Amino acid sequence: MGKVFVFVNQKGGVGKTTSAINIGAYMALAGKKVLLVDFDSQGNMSSGVGLSKEKPTVYELLAGSVSASEVIRQTSVKNLDAIAASIDLSGAAIELVDQKDREYFLKNALESVRNEYDYILIDCPPSLGILTLNGLAASDAVLVPMQCEYFALEGITLLLQTVKKVQKSINPGLVIGGIFFTMYDSRTRLAQDVVMQVKSYFKDVVFNTIIPRNVRLSEAPSHGLPICKYDPSCIGAKSYEKLAEEVIRRG
Ligand code: ATP
Ligand code: MG
């Protein structure tokens, strides 16, 4: 059965989407069958892999008007499929609030295709609201991208408390798959300090690979391409390739 990872950090702009796209792309290049699920109404993941945000999207999937196989689209990378999201998804966040079993809509929606993939990667919005809870309920493990700055430490504590609550209630099987650093700038003392502190506190939970700040990574989405297609030789590409290997190795 495929393994489901969810990219979560309630802080905005820490690299959730960039990481989900590029880890997914390198998993696919390694021969794994991968499904990316855009679960953020900003739809950044969708445009980042060149998908239009036209219907049907993940919103129609949640609403039950289409099946998972009808919303899945191919990307430019072999073995890498994706489900798009659009601004409609922000409506789902409101509509779900009154529903019974509201945390399980995404899990149920993906059930029929789970066995067709080695990995399903879900990209969440920057909040710990109902959409992210759906992401956590649907997953086996949480991957936490973290920027190397002081406030990131406070954010991570809140996030881990939420994960504990989810483990006690809606998804007892959920584990922390790992924390990794993004947009690392080795020239700043603060970045080095944050990495040291987080590593000494969270130990093996932290992935060895650190993603550096790299302008090519920020350019790639405007071409609708993962970094492996846009500039496979840049340092950002090499780093995500290593991180994807590490994620696969950890299982
Ligand atoms: P949101 O919380 O809004 O969904 P996010 O956590 O998904 O944001 P991204 O969209 O992946 O974060 O990244 C935020 C911005 O930083 C984007 O413009 C992205 O292109 C850029 N970016 C991400 N990673 C890197 C990197 N390693 N080096 C340079 N720029 C990066
Ligand atoms: Mg994002």
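Start by selecting Phe-202: at 15% relative accessibility, this residue counts as buried, since the cut-off for buried is under 20%. Keep in mind as you click around that this is a predicted model.

Now add Tyr-201 to the selection. Buried or exposed? Tyr-201 is exposed, with a relative accessible area of 65%. Show both side chains and look at the rings: the centres of Tyr-201 and Phe-202 are 4.8 Å apart and the planes sit at 85°, so this is an edge-to-face pair.

How many aromatic pairs does a search of the whole structure find? It turns up four. For another of them, select Phe-180 and Phe-207. Their ring centres lie 6.3 Å apart with the planes at 70°, so this pair is edge-to-face. Zoom out a little and colour by secondary structure, as the pair links distant parts of the chain. Phe-180 belongs to strand 7 (residues 175-182), while Phe-207 is in the loop between helix 9 (189-202) and helix 10 (215-219). The two are 27 residues apart, and both Phe-180 and Phe-207 are buried.

Stay on Phe-207 and bring up Arg-250. What does Arg-250 lie over? Arg-250 is over the face of the Phe-207 ring, 3.9 Å from the ring centre.

Last stop: switch on the surface and pick Tyr-150, Phe-151 and Leu-190. Together they make a nonpolar surface patch of about 340 Å². Click on Phe-151 within that patch: you'll find this residue in helix 8 (residues 150-168), and at 56% relative accessibility Phe-151 counts as exposed, because the cut-off for exposed is over 50%.

Technical notes:
Residues numbered from 1 in each chain as written. Chains lettered and ligands numbered in written order. Predicted model: local features only at pLDDT ≥ 70, side-chain atom pairs only at ≥ 80, totals over all residues. Heavy atoms only, no water. Phe/Tyr/Trp six-rings, centres within 6.5 Å; stacked < 30°, edge-to-face > 60°. Helix = DSSP H or I, 4+ residues; strand = E, 2+ residues; numbered from the N terminus. Buried < 20%, exposed > 50% of the residue type's maximum accessible area, 1.4 Å probe, protein only. Lys NZ or Arg CZ within 6 Å of the ring centre and 35° of its normal. Patch = residues over 30% accessible without salt bridge, like charges linked within 9 Å, V, L, I, M, F, W, Y side chains within 5 Å. Areas by Shrake-Rupley, 256 points an atom, 1.4 Å probe, with all protein chains shown as cover. Salt bridge = Lys/Arg side-chain N within 4 Å of Asp/Glu carboxyl O.
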